[in-house]
Structure formats: structure tokens, C-alpha cells
Amino acid sequence: MAILIWNSRTICLGTVFILFTYLCIAMIYLKNNQFFSLKVDPVPRAAIQKPSTFSGSVCPAPLSANRITPIRGTRYLMVSAFINDEANGQANIITIMNRTHPEPFICIFCCYQHGLSISVVKLDKHVEHFGFPFVTTDAFCNIEPTCNATHVTISRTENILEIQSHLYLPIHKFLTHGREFDVDFTLCISCLFGGYNNVLQFVQTIETYKLLSVDHVVIYNTSCGPDLEKVLRSYEEDGILEIIPWPIHHFLEPSKGWNYELHSGEVHYYGQQATINDCIHRNRQRSKYVILTDADEIIMPYQHSSLHQLMAELQQNNPYAVAFIFWTYVFSKEINRGSERFNFPLWRHVPGVNILRHIYKEPVKWLAICCSKMIVDPRKVMQASVHTVYKINGKSIYVPNDLAIVMHTTEPKRPDLGIEKLIMDNKIWEYAERLIPNVNKVLHKSGILK
């Protein structure tokens, strides 16, 4: 492993010397494809065009303030970077890359008051890609023991000389042992797009989850309607909601559906898999469990009054389980028989679906993997897809549907079924007395109801 030290006594060598060194290292890498590291103490002012605003950092370029950051000279994207106390000197950068065009990359780390460190990237593409060319990919990079890394970027080998032209991601450092959780349940919703404005169902969903013990919600927002925007800001002010801007459409052509043959596009469903894995990583330290559902879905327990009680029983009976998969049932929004008492005049002009009025569900299609969502231990799940997990430190289990299901109130998936073949399920009504005033409070606070 070659290490080059450059300090103030050799500053007279000028910028040419370090650029020549970078070129030599890049040539060695391209020839031998071996690991290497470079450490620079610290970068001279003449080589810094736009100094970092991060105290103590020597990143020679601006730091990225965005959730999606392009890799220079490519259409590949960096999402976030993480190190935890189990990483053994290795950083994980969540990226979105083309699975059909692999190429070598390099990590450039900014070390706190200690220059730069460079290492070879090892790519691990996620298994599930639904046929789309761009796929969520973990980029793993080793960090020199002497480098207290604060920021990182990924570079093509041929762009290594252009260190000032890259954008550097902050590295999130997590302690996953020996600390108390900030919250027990974090709900991750991905992604809002297409001007999503289903206000009534969204508020009912969040308020139901709050009754079920959810303390924190994370939403990846590509675009939403003006009414829902008011609701999101209201929840954000209350401190329960974290909004992550997700402008994936500025970089790739996102698909509006899950199937490449039917929906085309470059990346599955607005980069949903990247947001799922990003949310899991972000909550490793602060949340005991992470719930992975969409904005129109609720994991509903049937034998317990809260998710606390449900997960306590599931964990006790399955001590090695780290991913709990729940079957999804479609509640047809086209049928509202027997629910007239919830047809409130106050809600008639609120955009969206009233889930209290739709209590008929379609029979589940067994062994259909597309019909499930999850609650996971974020410290034990390394790679997850929309409906299942692929890399975990433990076991995954399917939860019996007499204990809990996913309520998905939406367009019927099997419209050929008559109401006599549907199953009446009014479990949501058990929460109505507390749910209705809570929904009204949010709608009034956000200005939807005057």
C-alpha cells in the first residue's frame, strides 16, 4: 500500500506535484486493479477553488446538499454514505448504477484535518431490479485507519485528477450498540410522485399509525399536490414528519409502475428501492423498528391494540427474526356498502379516499410476493427490496394474517370479483372514535378545512 505525505515544508512543489501523483496512482490502478490509498496533509490553498464550509474538513470541492448527487462524468447517482460501529473501517455508499455497464470506480475520502484518502470501490448490485437498467447498488470502500473520514465521493479512475470538480457526500456515522433508541417505530414512505394529492387517506393513514404507536415518519417526496403539501408542512412543524426531497426525475427517467415491459423507464418506480434502503440505513441508530409501506397502506394488528404489543409477541416467538413480512389485502375503494355513517359532509370536499367507507377486501393471492410489506430491524437488514429482504443478519418470517395484515385501500386488483366474493373487514372502525377528531384537527391546522 503506497502512502504519500505532503505537508507545508514541501508546498513549494506546487499543485503540479500532487496532480502528477494522482495520475501515477490512477495508471497503477488501471494496470493492476489493486487497492491503493493516498493521504495528503492538508491540501494547499492554491489547489482549493471553492473551500468547504465543514469545520476541519479538507474537501477540495463543495459539499453536496442534495439527496441525489451525480457521479462526475456519468449518469450514475450517489444517494447517501454510512459508517456504523460494525463496519470495520468500511463505508457503504448507496448508489443507483446501470447494471448492464459495470466499470471501475474509486472512493475519495476527506479525512478530518488529515488530507485525503483513496481506495478502490467494490460494487454490490441489489438482486431485485424488475428488469430496469438502473438498479440500487452498494458501493463499499475501505478507509485508512488514520483517516477520520467526514465526507466521500465516488470517481471514475480517469477523473481522479479532477478532485475539485466532484461533489462530496457527508458520511453518517452510527453507533448501533450501547445506546437507547430515540423512537420504537419509524414509518418510511416512498415515494410521493405525480402530484400526489390523496389528502384524506394520507391523513387517516398517518393518524392511524400514530394510534398504533408510530413516533416518526420519513417521506421521500418527488412531487405532491398543493393540498397535501400543506398537510406535510403541518406534520413537519409538529416534529413527527421528516421530508426528504427526491428529485429523481431530474437525473433519470423514472417508471410510473413496477414492470419494465409494461411501464418502461430507466429506474423502477421513481427509485423506490434506493429510498427504502436509504431509510433503513438512516434509522439504524435512532429507531428500534422500521415500517416499510406506501402512503395508502396500513399494517393493521388484529389481536393486539398496538404495534408495540404485536412486535413483542412476534419477537418473543421468533427471537432470531429481523424482518417481519405481512400479507397485503386490497380494500376496494369502489365499494362503500354499509358505511354510510362515515359519509361526513365535512370531508366531502377534502381530496382523497375515506378509508372508513371501504371495508370489503379481496381474498389474498397466496405465494404472490408482490403482495407484502415489512417491519424490519434496521441494524440487521443490509439489503431490502419492496416486498422482501435479501441480505440480513438473522431470519425473515411471514406473519400469519390472523395476527396482522397490510390494509391497502386502492383500485380493485381483481374487479371481476363480485361483492359476494369479497370479505367484509371493518377492523378500522375500532379506531374511528379516536381517529375522526384527530383527522379533523390536522385538516383544520393545515388549512384544508376552514
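**Notebook: aromatic rings**

I counted ring pairs in this predicted model. By the centre-distance rule, within 6.5 Å, the count comes to 12 aromatic pairs.

I looked up Phe82 and Phe174. Their rings are 5.9 Å apart, centre to centre, with 35° between the planes. I logged this pair as tilted. I then checked where the two residues sit. Phe82 is in strand 2 (residues 77–84) and Phe174 is in strand 9 (residues 169–174). They are 92 residues apart, and the pair links distant parts of the chain.

Buried or exposed: which is Phe82? Phe82 has 5% relative accessibility, so I noted it as buried. Phe174 comes to 13% relative accessibility and also counts as buried.

Next I turned to Phe193 and Tyr270. The ring centres are 4.1 Å apart and the planes are at 15°, so I entered the pair as stacked; the cut-off for stacking is under 30 degrees. Both residues are in loops. Phe193 lies between strand 10 (183–192) and helix 2 (199–211). Tyr270 lies between helix 4 (260–263) and helix 5 (272–282). The separation is 77 residues, and this pair too links distant parts of the chain. I checked burial here as well. Phe193 is buried at 18% relative accessibility, and Tyr270 is buried with a relative accessible area of 7%.

Then I followed a cluster. Ring pairs join Phe342, Phe344, Trp347 and Trp429. At Trp429 I also found a charge: the charged end of Arg341 sits over the ring, 4.7 Å from its centre.

Last, I looked at Tyr329. Lys361 lies over the face of Tyr329, 4.6 Å from the ring centre.

Terms used: Residues are numbered from 1 along each chain as its sequence is written. This is a predicted model: local features need pLDDT of at least 70, side-chain atom pairs count only at pLDDT 80 or more; totals for chains, interfaces and linings use all residues. Side-chain values use heavy atoms; hydrogens and water are left out. Rings of Phe, Tyr and Trp (its six-membered ring) pair if their centres lie within 6.5 Å; planes under 30 degrees apart count as stacked, over 60 as edge-to-face and the rest as tilted. Helices (H or I, at least four residues) and strands (E, at least two) are DSSP runs, numbered from the N terminus. Buried means under 20% relative accessible area, exposed over 50%, partly exposed in between (1.4 Å probe, protein chains only). A charge sits over a ring if NZ of Lys or CZ of Arg is within 6 Å of the ring centre and within 35 degrees of the ring normal.
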